[in-house]
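Dear colleague,

Please find below the sequence and the structure that I am handing over to you. My account of what was found follows directly after them.

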Amino acid sequence: SLTTGALQGIENLRYSVDAEFDLLVRDLKRLPVTHVHIHSNVGIPRELFALPGKLSVPYDVTIHDYAWFCPRVNLVNGSGEYCGEPPVSVCETCAGGGVSALIEQSQKDLAGARRLFCPSEDARDRMRRHFELPNLVVRPHPEWIGEPEWRTEPLAAGEVVRVATIGRLSGHKGLRVLRECAAHALEWDLPLAFVVVGSTSDDSQFSRLPNVEITGPYDESDVDRLIERLGVRVALLPSVWPETYSYTLSIAMRCGLVPVAFDLGTISERMRAAKTGVTGVLLPLGAGAARINEALVRAAQLRTAEPCARGTGYLNMLRDYYNLA
């Protein structure tokens, strides 16, 4: 589909790639398009990768996940765990074949780009392990974020710590981790209550856990107010794959929640890079529910001391993000 503000009253133009690819190219030339930005290779018709050449314009690519070399996309194996990025021969077995061909094709697609935008150094370094690409650059996603200042304050007697997970929780996003933490807290009568600020891929896993609340999907513009209304203090980011960025971490920081996460991927990189010094709690991947719950209670003793200082975004996207005139 094609969306453009240049055509008043026409929100979306739809093309059949099989039957109307030449028509799409013609219309894009008439607009005229001067640059192409590719965000994914998942489910994208191969013909669309030919568009920059057909239009004789440069293109950039943003690395949002690892589908460029992992058919499972998120480096999570059949057991639901981070695979550790083993040799390709192991990946072939894990994915049922096709990995070598995928890497070969991706090398061609990515090498032709003007720049490959990686949202973090961690994402850039993981891509470097699998490809020979001189055009990899680090570009955090365009957003304005904040970093809270913290002070330590012991929990009040009988205080229940309300813990948020933000977004849609699924297997690679830590669904099992949350279930096990909630079950452990219930069994040991810990002062923890969990709130899924968003949705899950399987609500039934929490049907017998009264200490878990699921709000349902939220509107992005309302999430800050929703978190304030829910009275949560800590953010559990239970992803078991190496995230390339994590908007949910941005939300947690912006709302003054203390993040607790695994020491993996960009989440840990961003937490360590926080300018305020106190970054939350990082745990080794594979830490059990008891250790995670202990960290959640400990993290709840950090309180926001001052309003969030605004972070740095991009004042001019063409100039500061794309480096285009």
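I begin with a contact between charged side chains: Glu243 and Lys173 meet in a salt bridge, with N and O 2.8 Å apart. This pair links distant parts of the chain, since Glu243 sits in the loop between E9 and H8 and Lys173 in the loop between strand E6 (161-169) and helix H6 (175-187), 70 residues apart. Glu243 counts as buried because its relative accessibility is 5%, a value under the 20% limit for buried residues. Lys173, at 25% relative accessibility, counts as partly exposed. Please bear in mind throughout that this is a predicted model.

Further salt bridges

The structure holds 16 salt bridges. As general background, side chains of opposite charge can pair when their charged atoms come close. Salt bridges with shared partners join Glu85, Asp122, Arg126 and Arg129 into one network.

Another of the pairs is formed by the side chains of Arg46 and Asp109, at 2.8 Å from N to O. Arg46 lies in the loop between strand E1 (36-38) and helix H2 (51-55), whereas Asp109 belongs to helix H4 (residues 99-111), so this salt bridge ties together parts that are 63 residues apart in sequence. Arg46 has 40% relative accessibility and therefore counts as partly exposed; Asp109, at 11%, counts as buried.

Arg26 and Asp27 also form a salt bridge, and their closest N and O atoms are 3.1 Å apart. Here Arg26 is partly exposed, with a relative accessibility of 40%, while Asp27 is buried, with 18%.

The parallel sheet

In what order do the six strands of the open sheet stand? The order is E8-E7-E6-E9-E10-E11, and the pairing is parallel. Strand E8 (212-214) and E11 stand at the edges with a single partner strand each, so one side of each is left without a neighbour in the sheet. From one strand to the next, the twist averages 25°.

At the E8 edge, strand E7 (residues 192-200) pairs with E8 in the parallel sense over three bridges. Within this pairing, Val196 stands opposite Ile214 in E8.

Strand E10 and its neighbours

Is strand E10 (residues 258-262) mostly covered or mostly uncovered? Strand E10 is mostly covered, as five of its five residues are buried. The cover extends to both faces: Val258, Val260 and Phe262 are buried on one side, and Pro259 and Ala261 on the other.

Strand E9 (residues 234-237) runs parallel to E10 and is joined to E10 by four bridges. Ala235 has Pro259 in E10 as its bridge partner. Between these two strands the chain passes through helix H8 (residues 247-254), and the resulting β-α-β crossover is right-handed. Strand E11 (residues 281-283) is likewise parallel to E10, with three bridges joining the two. In that pairing, Ala261 stands opposite Leu282 of E11.

Helices around the sheet

Helix H9 (residues 265-273) has several buried residues, namely Gly265, Thr266, Ile267, Ser268, Arg270 and Met271. The buried residues of H9 pack against helix H5 (121-130), E9, H8, E10 and E11.

Helix H7 (residues 223-230) lies across E6, E7 and E8, and runs at about 155° to E7. Helix H10 (residues 289-299) also packs on the sheet, where it touches E6, E7, E9, E10 and E11. The direction of H10 makes about 170° with that of E11.

Lastly, there is the packing of one helix on another. At what angle do H6 and H10 pack? The angle is about 80°, and the axes of H6 and H10 are 9 Å apart. That makes H6 roughly perpendicular to H10, because angles of 65 to 115 degrees are placed in that class. On the H6 side, Val177, Glu180, Cys181, His184 and Ala185 take part in the contact; on the H10 side they meet Ala289, Ala290, Ile292 and Asn293.

To restate the main points, the six strands form an open sheet with parallel pairing, E10 is mostly covered, and H10 packs on the sheet as well as against H6. The salt bridge of Glu243 and Lys173, with which I began, links distant parts of the chain.

With kind regards

How values were computed: Residues numbered from 1 in each chain as written. Heavy atoms only, no water. Buried < 20%, exposed > 50% of the residue type's maximum accessible area, 1.4 Å probe, protein only. Pairing = 2+ DSSP bridges. Right-handed = clockwise from strand over helix to strand, strands pointing away. Contact = heavy atoms within 4.5 Å. Salt bridge = Lys/Arg side-chain N within 4 Å of Asp/Glu carboxyl O. Axes fitted to C-alpha atoms, helices over the stretch in contact; angles between N-to-C directions. Parallel < 35°, antiparallel > 145°, perpendicular 65-115°, else oblique.
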